[in-house]
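Subject: Handover of a structure and notes on it

Dear colleague,

Please find below the structure that I am handing over to you. My notes on it follow, and I would be grateful if you read the two side by side.

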Amino acid sequence: MLKAEEDVVAVQGLRMRYGATEVLRDVTFRIQPGEVLAVLGPNGAGKTTTIEILEGFRMRSAGAVEVLGVDPAYGDEAWRARVGVVLQSWRDHSKWRVRELLAHLGGYYAPYATAAIPRPWDADELIELVGLTGQAEQKLKTLSGGQRRRLDVAIGIVGRPELLFLDEPTTGFDPVARHEFHALVRRLTDELRTTILLTTHDLDEASKLADRVLILSGGRIIASGTPAALTTQIAGASLEDAYLTLVRSSEKGQDR
Ligand SMILES: Nc1ncnc2c1ncn2[C@@H]1O[C@H](COP(=O)(O)OP(=O)(O)OP(=O)(O)O)[C@@H](O)[C@H]1O
């Protein structure tokens, strides 16, 4: 059984099949409070599927999963209010304005405020935090791709989540937006102790943000550790070297 009292996320022997195809095989990992875990891996490795199972959006085929002490398949609204989600793409609410939407969505979290965690974020503070002050009155359909992604992040954190899932959060960001986003993630972890699970294809981003990385390939964890430890173990000059070595050798193994 899981001993998840101290873990924000505890996953043991997770398996997932789509029809006859097994896309997650015996995935086991934990995330500690305040930790940033980056899940890396090639296209189709199973990263989004893993996140969707942890978010409670997708039912797993087998294995034990606890998120904030609850099986996400049975998470209620109070549990959901403690979890923030930034999906790969939201394309909705096009006629809403930025401040209006954040104030509206934030309202859903108000009943779940606690003495320690005032919910939701004040809409204007949040807009400033994600760098959208100039766009507060704009309709969503008029935002650029990068501005829209900043809004996606604001939507994900409007309820001041204890655990935040970020699925490829900086896709489409220009270098300045990326830099600012990294500063935002650091604020969330340093000041608010938010625990974060992010997926990314940007290995530089993973090196900068993650306390620990986990590399998935073909639905299995092929490596995990701090970016520095992985780089040293694999004797590369960077996390990118280590990643390429590990993934190429794993893909050769899968071909056999
Ligand atoms: N709803 C679905 N039905 C059937 N197969 C699916 C479904 N969703 C994903 N898959 C398959 O499961 C595997 C894992 O997909 P997943 O989206 O989890 O990968 P990923 O690591 O997030 O990839 P990417 O980096 O491209 O986003 C892929 O082979 C994909 O084709």
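For the ligand shell described next, Ala, Val, Leu, Ile, Met, Phe, Trp, Tyr, Cys and Pro are counted as nonpolar, Asp, Glu, Lys and Arg as charged, and the others, including Gly, as polar. On that basis, the shell around the ligand consists of three nonpolar residues, six polar residues and one charged residue.

Please note that this is a predicted model. Its scores are ipTM 0.96 and pTM 0.90. The average pLDDT of the chain is 90, and 96% of the residues score at least 70. Where pLDDT is low, the predicted coordinates should not be read in detail.

Ligand surroundings and helix α1

The ligand is surrounded by Tyr 18, Val 23, Gly 41, Asn 43, Gly 44, Ala 45, Gly 46, Lys 47, Thr 48 and Thr 49. Which element gives the most to this shell? It is helix α1 (residues 47–55), with three residues. Seven of the nine residues of α1 are buried, so the helix is largely enclosed by the rest of the structure. The buried residues are Lys 47, Thr 49, Thr 50, Ile 51, Ile 53, Leu 54 and Glu 55. After α1 comes Gly 56, with a positive phi near 85°.

Strand pairing

Strand β1 (residues 9–18) runs antiparallel to strand β2 (residues 21–31), and seven bridges join them. Tyr 18, named above as a shell residue, has Thr 21 of β2 as its bridge partner. Two residues lie between the strands of this hairpin, where Gly 19 adopts a positive phi near 60°. β1 is also joined to strand β4 (residues 62–67), again in antiparallel fashion, by five bridges. In that pairing, Ala 10 has Glu 66 of β4 as its bridge partner.

Ala 62 belongs to β4. Is Ala 62 buried or exposed? With 12 other C-beta atoms within 10 Å, Ala 62 is exposed, because a residue with 12 or fewer is placed in that class. Beyond its neighbours within four places in sequence, Ala 62 is in contact with Gly 13 and Arg 15. Ala 62 and Asp 26 are 36 residues apart in sequence, while their C-alpha atoms are 8.8 Å apart in space.

Helix α5

Helix α5 (residues 145–157) has 13 residues, which at 1.5 Å a residue should span 18 Å; its end C-alpha atoms are 19 Å apart, in agreement with that expectation. Its buried residues are Gln 147, Arg 149, Arg 150, Leu 151, Val 153, Ala 154, Ile 155, Gly 156 and Ile 157. These pack against β5 (83–86), α3 (98–107), α4 (123–129), β6 (163–167) and α6 (175–192).

Backbone geometry to note

Most residues other than glycine have a negative phi, and most peptide bonds are trans. Against that background, three places deserve mention.

- The peptide bond from Arg 119 to Pro 120 is cis, with omega near -5°; Pro 120 lies in the loop between α3 and α4.
- Leu 68, in the loop between β4 and α2 (77–80), has a positive phi near 50°. Leu 68 counts as partly exposed, with 18 C-beta neighbours inside 10 Å.
- Glu 168, in the loop between β6 and α6, has a positive phi of about 45°. Glu 168 counts as buried, with 20 C-beta neighbours inside 10 Å.

With kind regards

Definitions and conventions: Residues are numbered from 1 along each chain as its sequence is written. This is a predicted model: local features need pLDDT of at least 70, side-chain atom pairs count only at pLDDT 80 or more; totals for chains, interfaces and linings use all residues. A residue is near a molecule or strand if its C-beta atom, placed from the backbone, lies within 6 Å of it. Helices (H or I, at least four residues) and strands (E, at least two) are DSSP runs, numbered from the N terminus. Two strands pair if DSSP finds at least two bridges between them. pLDDT is the predictor's confidence in each residue, from 0 to 100. The expected span of a helix is 1.5 Å times one less than its number of residues. Two residues are in contact if their C-beta atoms, placed from the backbone, lie within 7 Å.
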